[in-house]
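This report reads one structure from its cysteines to its nonpolar cores and a small part of its strand arrangement. Please keep the sequence and the coordinates at hand while reading.

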Amino acid sequence: MANSAIQWNPGWTTRAPERGDLVLALSGSGIIKPGTDWLQPLENIPGNSECPGFVSLGSANGRQVFVTQVPEALVTNQSIVPLRDALMMMSDVPAAMLSTGFQVWQWFQDHKYCGRCGGGTDFHPRDRAKWCSHCHIPWYPRLAPCVIVVIRKDGRYLLAKSSHAKRHFYSLIAGFVEPGESLESAVAREVKEETGLDVDNIRYRASQPWPFPHQLMAGFFADYVGGELVLQEDELADAGWYLPGSRPPIPPDTTISGRLIRDMEKMIADGEAGV
């Protein structure tokens, strides 16, 4: 089943996998990739009886899809692609499916036990949740809301390089939403904390799940209104204002940051006010 043929639909079932079902097989922080495929039949999973469980993801081409973790010692003659490499470097990657798979598996691992009483949990009979029969509490997959923003100043926009980045990409200001904050308030606060700049006209643009480990990125445009560029050194190594066509390398279109930057470049090139 080649990647180009994947027609994936998210969903949920509590039944165990059966022969002929498809599996997204993880190993460590990567995906076991058999040739050009991302999914493989249950019976092809190395040591499937030794896997620590299977969790429903949905369906692909009419067949149920599950995710599991395969011990690295059992992986032979197959490549393991790190998730970040897949999302950042492969243009044909089924990003939504991989993101869901990693986040669902993280939830499955994190909620084996009830966070209140410490007892073991089972699958909820209807919802994608783990259920504590003692406390009668469902434990749903966690989502951590984050904001990411392109800041425009006249015909330029701000790009920044993270102090923690391993790749030579310049990207955008981003951060987690705090309790009690609106998304727009989080944008203004993160920009001020990391750059010293003030922004307004904050408007939503797009979103993307980002499975490191369970973020939901909400993308915004904003306009510069004041302040001097002063970097928060533990977050940013460099930053500057750039014109479309004269910028450093940026993330690919498989990422929300890459798409937001290119959308802003088009807006500037077209002379749009962006309101």
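The sections below take up the cysteines, the nonpolar cores, one open sheet and a single residue in that sheet.

## Basis

The model is predicted, and every value quoted below is computed from it.

## Cysteines

With a disulfide taken as a pair of cysteine sulfur atoms within 2.5 Å, the count comes to zero disulfides. Cysteine 114 illustrates this outcome, since its nearest cysteine sulfur, that of cysteine 132, is 3.7 Å away, and cysteine 114 is in no disulfide.

Burial was also computed for two of the cysteines. Cysteine 114 has a relative accessibility of 5% and therefore counts as buried, while cysteine 146, with a relative accessible area of 2%, is buried as well.

## Nonpolar cores

The largest nonpolar core has 44 residues, and those that touch the most other members are Leu24, Ile31, Trp38, Leu39, Val67, Leu98 and Leu159. Helix α2, which covers residues 95–110, supplies the largest share of this core, namely seven residues. Apart from this core lies another one, of 18 residues, which includes Val149, Val187, Val199 and Ala222.

The surroundings of isoleucine 31 can be given in detail. Once its neighbours within four places in sequence are left aside, isoleucine 31 is in contact with Leu24, Ala25, Leu26, Trp38, Ser79, Ile80, Val81, Leu83, Ala86, Leu98 and Phe102. Among these contacts, Leu24, Trp38 and Leu98 are also listed with isoleucine 31 as core residues that touch the most other members.

## An open sheet of three strands

Three strands form an open sheet in the order β8-β9-β10, and their pairing is antiparallel. Strands β8 (122–123) and β10 stand at the edges with a single partner strand each, so one side of each is left without a neighbour in the sheet.

Strand β8 and strand β9 (residues 130–132) run antiparallel and are joined by two bridges. Across this pairing, aspartate 122 stands opposite tryptophan 131 in β9.

## Isoleucine 137 in the edge strand

Isoleucine 137 lies in strand β10, which spans residues 137–139. Is this residue of the sheet, isoleucine 137, buried or exposed? Its relative accessible area is 13%, and because buried means under 20%, isoleucine 137 counts as buried.

Beyond its neighbours within four places in sequence, isoleucine 137 is in contact with Arg116, Lys130, Trp131 and Cys132. Glutamate 178 is 41 residues from isoleucine 137 along the chain, and the C-alpha atoms of the two are separated by 24 Å.

Note on methods:
Residues are numbered from 1 along each chain as its sequence is written. This is a predicted model: local features need pLDDT of at least 70, side-chain atom pairs count only at pLDDT 80 or more; totals for chains, interfaces and linings use all residues. Side-chain values use heavy atoms; hydrogens and water are left out. Buried means under 20% relative accessible area, exposed over 50%, partly exposed in between (1.4 Å probe, protein chains only). Helices (H or I, at least four residues) and strands (E, at least two) are DSSP runs, numbered from the N terminus. Contact means heavy atoms within 4.5 Å. A nonpolar core is a set of buried Ala, Val, Leu, Ile, Met, Phe, Trp, Tyr and Cys residues joined through side-chain atoms within 4.5 Å. Two strands pair if DSSP finds at least two bridges between them.
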